[in-house]
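Trainee: Could you take me closely through the part of this complex where the protein meets the DNA, one strand at a time? I would like one connected account rather than a list.

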Number of protein chains: 2
Amino acid sequence: MEPAATVLDLNQLRRSCSSCALYELCLPAGIGGDDLDRLDATVKDKRTLERGAMLYRENDTFEALYVVRSGALKTFVQNEAGDMQILAFHLPGEILGFDALATNLHVSQAEALERSSICELPYAKLQQVTSEVPALHRQLMRVISREVVEEHRHLVMMGKQQAQEQLASFLHGLADRYQRLHRDGTALNLPMSRYDIANYLGLVVETVSRLFSRMEEMGVLEVNRKSVRILRPDLLAALCRTDTVSRRNDVG
Amino acid sequence: MEPAATVLDLNQLRRSCSSCALYELCLPAGIGGDDLDRLDATVKDKRTLERGAMLYRENDTFEALYVVRSGALKTFVQNEAGDMQILAFHLPGEILGFDALATNLHVSQAEALERSSICELPYAKLQQVTSEVPALHRQLMRVISREVVEEHRHLVMMGKQQAQEQLASFLHGLADRYQRLHRDGTALNLPMSRYDIANYLGLVVETVSRLFSRMEEMGVLEVNRKSVRILRPDLLAALCRTDTVSRRNDVG
DNA sequence: CGATCGGTTGAAACCAATCAACCTTTGTGG
DNA sequence: CCACAAAGGTTGATTGGTTTCAACCGATCG
């Protein structure tokens with residue numbers, strides 16, 4: 001049975017990796033065969049995190065990059081007073097840990113929002129492979145750059161003056177990411193708490209709660225605790241921007 | 001006179017690069033001699049931008065990374081409606097252009113806030129050098145990672161619930177960056193407009209203007225148009241956080 | 001089952017956005 | 001060189017959306 005099991009595992013790996021951020025570290029770069037195997041070999045045994053478990057903390061030494069295989073995580077920073085600011089939510093296929101590249105120490109923290117499975121990419125081994133497979137280097141740069149662009153989206157969201165626009169944009173973006181995972185983009189199952197959403201957007205939890213209710217009244221959403229169904233994607237998209245021309249954002 | 005001029009130029013180059021983001025692309029990596037020369041050779045002729053001139057626009061093809069030599073720039077994104085969100089202000093020694101690494105197209109725009117001089121690093125040539133000098137690769141990754149961490153600071157700023165905290169944090173951070181440039185960290189000369197500051201922080205210009213006035217009344221600042229003197233750095237630091245324990249940010 | 005946590009809703013206070021007026025600086029052209 | 005226009009900035013009055021404070025509900029968990 002061993003060969004069959006191996007084939008099965010490989011197939012599953014291929015399948016699960018097809019929606020993975022690492023996918024582009026191989027195929028688009030024209031990598032296959034030995035190179036692909038070599039990259040596969042750098043992926044350490046998967047780790048499983050329970051809800052609330054930390055993947056890394058501030059000041060942890062930089063050991064690896066991580067890819068979410070299943071579940072979801074949040075990354076955040078905390079100041080001396082314990083104030084938290086959530087930087088991102090990470091869904092399956094998304095990569096995290098880049099914050100530590102600069103100093104070799106993590107400057108943020110990563111916590112599982114639910115039971116999650118993580119692929120660990122020890123950076124030392126990854127460096128070795130990328131030095132042997134130059135095409136991988138550019139690919140890795142691309143992935144980091146995507147991280148930068150993703151943060152731009154977060155900044156744009158927070159820059160909106162109306163809380164409703166912020167939440168609409170948040171849900172809209174989440175739906176996009178769900179679809180990219182070949183999930184139903186209209187039936188979101190939010191892994192994060194209302195508190196987390198509020199913090200992510202720079203609001204308080206009551207405001208977020210009220211907005212969910214209001215958007216439900218408007219017929220845009222159907223909210224049931226963590227389960228959010230988007231009834232009117234068109235209206236949701238419209239809510240992402242104010243109709244009135246805002247003086248603040250309008251270009252001079 | 002030619003040799004003397006060459007020596008002078010080299011010295012000036014060394015001096016101007018000592019406070020440059022690229023500095024760490026050489027020395028800390030233990031690079032010197034030929035390797036350093038090779039890196040220097042990748043720097044294209046400097047460009048000068050007038051106030052309001054664009055360094056790159058959205059959808060421009062990715063040609064190079066840029067380092068501010070003198071002056072200041074802002075990077076921003078614009079949506080279909082023309083709404084702008086400023087992503088960052090770039091002071092001398094700071095690098096920009098990473099947004100295009102992912103897609104080979106710029107997804108943001110860069111505009112000079114005042115007459116600025118720019119070092120251009122053609123990415124093709126840079127790639128060639130980094131492939132020959134592996135140590136440079138890790139250094140370049142470090143620089144991008146710093147970009148990520150810098151954006152985290154922006155997010156934390158925007159996440160603050162009080163506009164005064166946001167502006168205080170902005171000025172505090174700016175003072176830090178001025179000091180890193182060996183400038184006076186208490187005598188800021190803001191290259192950006194009030195409008196830009198407001199947009200960067202997610203506020204409206206009137207609020208920013210009022211806050212400048214209020215902080216002047218409090219004796220924290222001395223404001224004179226673009227010139228801001230920090231009279232009480234201690235008070236400014238205190239204004240960066242609310243005294244009252246906020247429910248939103250406090251960790252659960 | 002009680003306690004705790006997460007979430008919702010209401011009422012009130014407050015802060016920032018909005019609208020408006022005005023001032024200063026800058027730049028342009030007669 | 002002056003006049004005027006345009007842009008940038010400040011200040012006031014008002015509105016309104018979000019925060020704050022509070023109570024309550026439901027789910028989860030030990």
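Mentor: By class, the surface near DNA strand D is made up of eight charged, six polar and four nonpolar residues, and since this is a predicted model, every distance that follows should be read as a value computed from predicted coordinates. There are 18 residues around DNA strand D, and those that come nearest are Ala163(A), Thr207(A), Arg210(A), Arg210(B) and Ser213(B), so named from both protein chains. Of the atoms of DNA strand D within 4 Å of the protein, 60% belong to sugar or phosphate, while the rest belong to bases.

Particular contacts show both kinds of partner. On the base side, an N or O atom in the side chain of Arg210(A) is 2.8 Å from a base oxygen of DNA strand D. On the backbone side of the DNA, the side chain of Arg194(B) places an N or O atom 2.9 Å from a phosphate oxygen of DNA strand D, and the side chain of Ser209(B) likewise has an N or O atom 2.9 Å from a phosphate oxygen of that strand. The elements that give two or more residues to this surface are H7 of chain A together with helix H6 (194-201) and H7 of chain B, and the largest share, four residues, comes from H7(B).

Turning to the other strand, DNA strand C is surrounded by 19 residues, of which Ser209(A), Ser213(A), Ala163(B), Thr207(B) and Arg210(B) are the closest. The surface near DNA strand C has nine charged, six polar and four nonpolar residues, and of the DNA strand C atoms within 4 Å of the protein, 64% belong to sugar or phosphate and the rest to bases.

Three contacts to phosphate oxygens of DNA strand C can be set side by side. A polar side-chain atom of Ser213(A) lies 2.3 Å from a phosphate oxygen, and a polar side-chain atom of Thr207(B) lies 2.4 Å from a phosphate oxygen, whereas Ala163(B) takes part through a backbone N or O atom, which lies 2.7 Å from a phosphate oxygen. Helix H6 (194-201) and helix H7 (205-217) of chain A, together with helix H7 (205-217) of chain B, each supply at least two residues of the surface near DNA strand C, and here the largest share, four residues, comes from H7(A).

The relation between the two protein chains belongs beside this account. A rotation of 180° with 0.0 Å of shift along its axis superposes chain A on chain B, with an RMSD of 0.0 Å, which means that the relation is that of a two-fold axis. The same surface serves both copies, in that 100% of the contact residues of chain A recur in chain B.

Further along chain B, after the helix H7, there are strands to consider. S10 (residues 221-224) and S11 (residues 227-230) of chain B run antiparallel and are joined by four bridges, with Glu222(B) standing opposite Arg229(B). These two strands form a hairpin with two residues between them, and Arg225(B) in the turn has a positive phi of about 60°. Strand S9 (residues 187-189) of chain B also pairs with S11(B) in the antiparallel sense, over three bridges, and Asn189(B) stands opposite Ser227(B). Along S11(B) the side chains alternate, with Val228(B) and Ile230(B) pointing to one face and buried, while Ser227(B) and Arg229(B) point to the other and are not buried.

Notes
Residues are numbered from 1 along each chain as its sequence is written. Chains are lettered from A and ligands numbered from 1 in the order in which they are written. This is a predicted model: local features need pLDDT of at least 70, side-chain atom pairs count only at pLDDT 80 or more; totals for chains, interfaces and linings use all residues. Side-chain values use heavy atoms; hydrogens and water are left out. Copies are superposed by least squares on the C-alpha atoms of residues with pLDDT of at least 70 in both. Contact means heavy atoms within 4.5 Å. A polar contact is a pair of N or O atoms within 3.5 Å; within protein, one must be able to donate a hydrogen and the other to accept it, and residues adjacent in sequence count only if both atoms are side-chain atoms. Ala, Val, Leu, Ile, Met, Phe, Trp, Tyr, Cys and Pro count as nonpolar, Asp, Glu, Lys and Arg as charged, and the others, Gly among them, as polar. Buried means under 20% relative accessible area, exposed over 50%, partly exposed in between (1.4 Å probe, protein chains only). Two strands pair if DSSP finds at least two bridges between them.
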